[in-house]
Amino acid sequence: MSSDDPSEAPDAPAKAPPLEPPEAAADEAPTARASRPLGTTLPSATDADTAREPEPVRQGPGNTLVMEEGPSDFIQGAKRTLVSEDGPSEPERPPDVRVEHVRLVPEIGSGDGSVERPIEVSASKPKDQARVQGPGRAQAAPSANGPTKRGRWKRILKIALLAVLAVLLAGVLGVVLMVRHYESDLPSVAKLKKGYAPPQVTRILASDGSSLANVFTQRRTVVKVSSIPGHVKLAFLAAEDAHFYEHEGLNYFGMLRALFANLRAGKTVQGGSTITQQVVKNLLLDSARTYRRKARETILARRLEQHLTKDEIFGLYLNHIYLGHGRYGVEEASRYFFGKKTKELTVAEAALLAGLVASPERYSPRRAPKKALARRRYVIGQMLKKGFVTQKLHDSVVDAPLRIAPASDGESKLAPEVVSHVKKQLKILVGERAIIGGFTVHTTIDPAFQAAARKAVRAGLDGYAKRQKLAPPYTLKQRKVWGKPFEGTPRRHGIYVGRVVGTDDATGTIRVRIGSVTGAVHLTQEERYNPKHVKPSDFVGPEASLRVRLVGDPSTENPALRLELGPQAALVAIDPRSRHIKALIGSYEALSGGLNRALQAKRQPGSAFKPFVYGYALHSRLLTPATVLQVPAKGGGTEPLRLRMSIATSNNSGAQQVLKKVGPANVVRWAQSCGIESPMKPDISLALGAYEVTPRELANAYATYASGGEYATPVLITKIVGPDGKEVRLPEVPPKRRVMEPAEAYLITSIMSSVVTDGTAKRAKALGRPVAGKTGTTNKAKDAWFSGFTSELVATVWVGYDDAHPLGWGEQGAVTALPTWVDFMRSAHKGRPVTQFARPAGIVTAKIDPVTGLLPYDGQGDAIEEQFLEGTLPSTHAEVPAPDAGVDAGSDDAGADDDAGPAAPAPDAGAAPPASAVPSAAPPQPIPSNEPPPF
C-alpha cells in the first residue's frame with residue numbers, strides 16, 4: 001500500500017511509528033486516521049486525544065515528508081501547526097529535496113509569537129535517511145534497513161559530547177565545592193605581609209666580636225633578599241623553580257609531570273611544587289603528604305602571590321629553607337659549610353647550597369662529598385640551560401674543587417656562665433621574643449682574659465686536690481678532710497660522704513651507698529675527677545669513701561649521683577675605669593645552666609671585708625696609717641701594732657678595735673656606698689666579714705678604691721640588637737658617683753699594698769708590679785678569698801665547697817685562692833708595661849717612729865716613711881728611748897689569723913690609739929647616704 005494515499009493512514013495509532021522512507025510505508029497495514037492537510041491546526045495538548053502520540057513524520061503530497069512534533073518535543077502544551085513551503089532554489093541541493101518549516105504556535109494567552117525552524121529532508125533514495133539541519137533539528141527518519149552508519153556515529157558523538165560536557169560541569173562543580181571546603185579554616189597569609197618573624201639564632205659576642213655562643217630553637221639567621229648576590233638567587237632558581245618570576249604561584253605542567261612520574265614509579269619520586277608552594281608548606285602548613293595538605297597548599301599559593309611580591313616570597317624561601325645539619329636558610333648554611341656570609345659566596349658554593357634543597361642530608365658535602373659535587377654539577381648545568389650563566393662561566397666553575405670550612409657548631413665553651421646570665425637578662429628585657437631569637441648581644445668579656453681565668457681556676461683547684469691527696473685510686477675508708485660517711489635518709493641535691501658498694505666496668509658505673517639510698521656514679525661524666533679515663537675498678541677500692549651529690553630522685557631505684565670530691569671556685573675580673581666585666585668564671589666544669597658562683601653564690605668574705613673597715617677609718621680622719629693599736633701578744637698581754645700592719649697581717653683584734661672606734665653603722669653605709677649590695681647588720685662581726693657577699697659585688701666594691709674613689713655599676717652587656725636591626729633599650733645605668741676623695745682612695749690602696757709587700761699576700765709580689773689587695777679566710781676555712789687590683793684591673797677569687805664544708809688543714813686565702821689570682825693576673829698583664837698607682841694631690845709623706853707612730857725624735861735612725869692625708873700628720877714626736885730599754889714591736893710578718901676564728905675583744909685600755917697619733921682638729925667626713933643601685 002502506498003503511503004502517498006491519505007486514506008490509507010491509520011486513524012488513531014497507539015504509538016508513533018519509526019521514521020521510514022515512503023517505500024517502507026507501503027507495506028504497512030492501512031491506518032484508521034486520515035492525514036491532515038498542510039496548514040491545519042493540531043489539537044491542543046490539553047485535548048482528550050493528547051494521550052495519543054502524533055506521528056513524528058508522515059508522507060506528504062508528492063515527493064515530500066511532513067514532520068510533526070509531539071508534546072514532549074521542544075515545547076510541551078503548545079498548539080502546533082505544520083506549514084510547508086518551498087525552500088530557496090540552490091544549485092547544490094538535489095532536485096528531489098524540499099525544505100519544510102515547523103512552525104510552533106504558543107498556547108492562547110501566552111502572547112503572539114512563533115518560532116520557525118527549517119528542516120531539510122532528503123528523499124532521493126528510499127534508503128537515505130532524512131537529514132535535519134538547524135537549531136530545531138528533528139529526528140531523522142530511519143530507513144527500512146535501520147539507521148545508517150553515519151547517523152549512528154553522529155548519535156554516538158552527540159552522546160560523547162554531552163558526557164564530556166557533563167563531566168566538565170561536574171569537575172567545575174567539584175572544584176568549587178572542594179575550594180569552599182578547604183578554604184574555610186586556612187591560615188592567613190596577611191601575617192607574612194605584616195612581618196616575617198621565624199625562630200632565629202641569638203648570637204652572644206665577646207668584646208672583640210668573637211662568638212661566645214649561639215642560642216636558638218631553630219638555627220637560622222634572616223638576611224634581606226636585597227643583600228643576597230644575584231648568582232646565589234639564580235642558583236636556587238635553576239635548581240628549584242626556573243620560571244618562578246613568570247608563573248602565578250602554580251606550575252600546572254610541572255604538577256602533571258610530577259603526578260605521572262609518581263604514578264609510574266608507584267611512589268613519590270618527583271615534586272611539582274613551585275617556590276611559592278614550598279613557602280606555603282614551610283611557613284603556613286605542615287609537611288604531611290596528604291591530598292588535603294596539597295589542596296590547601298594550592299589555594300594558599302595563589303593567595304600568597306596576590307599579597308606579596310615575588311622578591312618577598314623568594315626572600316622568605318631563601319631564609320626559611322632547611323639545608324641540613326640543623327641549619328635553616330642560606331646564611332646559616334653558608335656560615336656552617338664555608339665559614340663565610342652569604343654575600344661572600346662564589347658561584348660554585350652557591351650551586352652546592354642550592355643542590356642541598358632536594359635532600360639536605362643525602363647531598364651534604366660533609367657526609368657525601370662525591371654526591372654533593374655531582375649535585376652541584378647538575379645545578380650549574382641547569383644554570384647554563386636556563387641561560388643564567390654563560391658557557392665560559394659554566395666551564396670555569398663546574399669542576400671547581402670542593403673547599404669546606406672545618407666543622408664547628410659556632411659554640412664556645414669559654415664562658416657558659418656568661419651565656420646563661422645573658423639569656424636570663426634577655427628574657428627580662430624582651431620577654432617571649434627571646435625564645436624566637438634573632439638578637440645579637442654584645443658583652444664585655446675579653447676572650448683572652450676569660451681563657452686565662454678558666455685555666456687559672458682549674459689549676460688552682462687541681463693544686464688543692466694535690467695538697468689534700470685527692471686523686472685516684474680512692475681506697476681510704478674514711479678521709480679526715482671529708483669526715484665520716486653519712487647515716488640517715490638523704491635528700492635530693494644534697495652532698496654526702498658515701499661508701500662504695502660495687503663497680504661495673506662494662507657500664508662505667510660506681511655504686512655508692514649514702515645512708516638509706518644506693519645510687520650510681522657514671523664515671524664517663526666525671527672529666528674533672530677522672531681526666532685519664534680510668535675504669536671504675538681502678539678508680540675506687542672496695543668500701544672506699546666518696547663524696548657525692550644526689551642528683552636523682554632518692555625514691556627511685558639506683559638514682560644518679562655526681563662526684564663532689566673537691567671544692568669549687570669563682571673568679572671575676574673588672575676594668576676599674578669602665579667597670580666592664582672582662583672575665584667571669586663560676587665553676588671548674590664550665591657547664592651551661594649550672595650554678596654561677598661568681599654571681600649567685602653568697603659566701604662570707606672573712607678578712608677580705610676589712611678594707612672597708614679601715615677605709616672608713618681613714619676617710620673619717622679618726623685614724624691614720626700610723627695609728628698604733630694594742631693587740632694581744634703571743635706570749636700574753638698586749639703589744640703595739642700600727643694600723644698599716646694590722647691590715648697587712650690581717651689582725652682580727654686590730655680590726656675590731658677600729659670598728660668600735662668608727663662605729664659599725666658607719667662602716668655598713670660606707671661599704672654600701674662602695675658597692676656591697678648584700679644585707680649587713682651594724683655589729684662587731686662586720687670586722688670579721690661575717691655577712692655574705694657574692695664575688696662580683698666584692699670585686700666591684702674593690703674597684704671603687706682602684707678607680708680613685710668613684711662608684712659605678714658593673715657592666716656585662718653593652719648592646720643588644722634586635723632582629724629588625726634596632727637596638728633594644730637596656731636598663732638605664734646610673735652615672736658614676738664619687739664616694740671618696742682621690743687622696744682617700746689612694747691612701748686606702750697604699751695600706752692594702754702592704755698586704756702584698758709585708759703581709760699575708762706576699763706571693764702576689766711575683767707579678768713584679770704594684771698590687772693592692774686582701775686575703776680572706778672564714779672560720780674553719782670554709783671560704784678562701786683573695787681580692788686585689790693593679791692600676792688596670794681588679795680581680796676577686798673565691799674557693800670553697802658548695803655545702804660550706806671546711807677546706808681542710810692548711811687551707812686559707814693566701815694558700816687556696818691567691819695562687820689562682822696570681823696566675824690569672826700574670827696572663828692578663830702579659831706584655832703590658834708596669835704602671836704605678838697614680839698619686840693624687842692631698843697626700844703628705846712624713847717619717848714616723850715605727851713603734852709609736854709619732855714623728856721621730858731627733859736623730860732617730862730607724863724612722864720609716866708613712867703617708868697621710870693632708871691635715872692628719874701626728875703633732876708630737878716620739879720620746880727618746882732609755883739606754884738599752886728596747887721595744888719589741890713584734891714581727892711585721894706575723895702571718896694571718898684569718899683562720900683562727902673570731903678573736904676576743906681587746907681590753908679597753910688598749911682600744912684607743914695614742915692621742916698624739918690622731919689629729920684632733922679634723923672632723924669626720926660625711927658618708928654618702930645613697931646606696932648603689934642593684935645590678
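Leu-169 is found in helix H2, which spans residues 149-182. The model is predicted. Leu-169 counts as exposed because its relative accessibility is 55%, and the cut-off for exposed is over 50%. This residue belongs to a nonpolar patch on the surface, together with Leu-162 and Leu-165. The three leucines have about 300 Å² of accessible area together.

Elsewhere, nonpolar residues are gathered in cores. In soluble globular proteins, nonpolar side chains tend to be buried together. The largest nonpolar core here has 137 residues. Leu-546, Phe-612, Trp-821 and Phe-824 have the most contacts inside this core. Helix H22, residues 742-757, gives the most to the core, with 9 residues. Apart from this core lies another, of 47 residues. Leu-237, Val-280, Tyr-363 and Val-379 are among the residues of that second core.

The surroundings of Phe-612 were examined further. With residues up to four places away in sequence not counted, Phe-612 touches Val-667, Trp-670, Ala-671, Cys-674 and Ile-676. Phe-612 also touches Leu-698, Ala-701, Tyr-702 and Tyr-705.

A polar side chain was examined next. Thr-443 is found in strand S10, residues 440-443. Its relative accessible area is 2%, so Thr-443 is buried. A polar atom of the Thr-443 side chain lies 2.7 Å from the backbone oxygen of Leu-205. Neighbours within four places in sequence aside, Thr-443 is in contact with Ile-204, Leu-205, Ala-206, Ser-207 and Leu-212. Its contacts also include Val-418 and Val-422, as well as Leu-716, Ile-717 and Thr-718.

Methods: Residues are numbered from 1 along each chain as its sequence is written. This is a predicted model: local features need pLDDT of at least 70, side-chain atom pairs count only at pLDDT 80 or more; totals for chains, interfaces and linings use all residues. Side-chain values use heavy atoms; hydrogens and water are left out. A nonpolar core is a set of buried Ala, Val, Leu, Ile, Met, Phe, Trp, Tyr and Cys residues joined through side-chain atoms within 4.5 Å. Buried means under 20% relative accessible area, exposed over 50%, partly exposed in between (1.4 Å probe, protein chains only). Helices (H or I, at least four residues) and strands (E, at least two) are DSSP runs, numbered from the N terminus. Contact means heavy atoms within 4.5 Å. Patches are made of residues with over 30% relative accessible area and no salt bridge: like charges are joined within 9 Å, nonpolar side chains (Val, Leu, Ile, Met, Phe, Trp, Tyr) within 5 Å. Accessible areas come from the Shrake-Rupley method with a 1.4 Å probe; for residues, only the protein chains shown count as cover. A salt bridge is a side-chain nitrogen of Lys or Arg within 4 Å of a carboxyl oxygen of Asp or Glu. A polar contact is a pair of N or O atoms within 3.5 Å; within protein, one must be able to donate a hydrogen and the other to accept it, and residues adjacent in sequence count only if both atoms are side-chain atoms.
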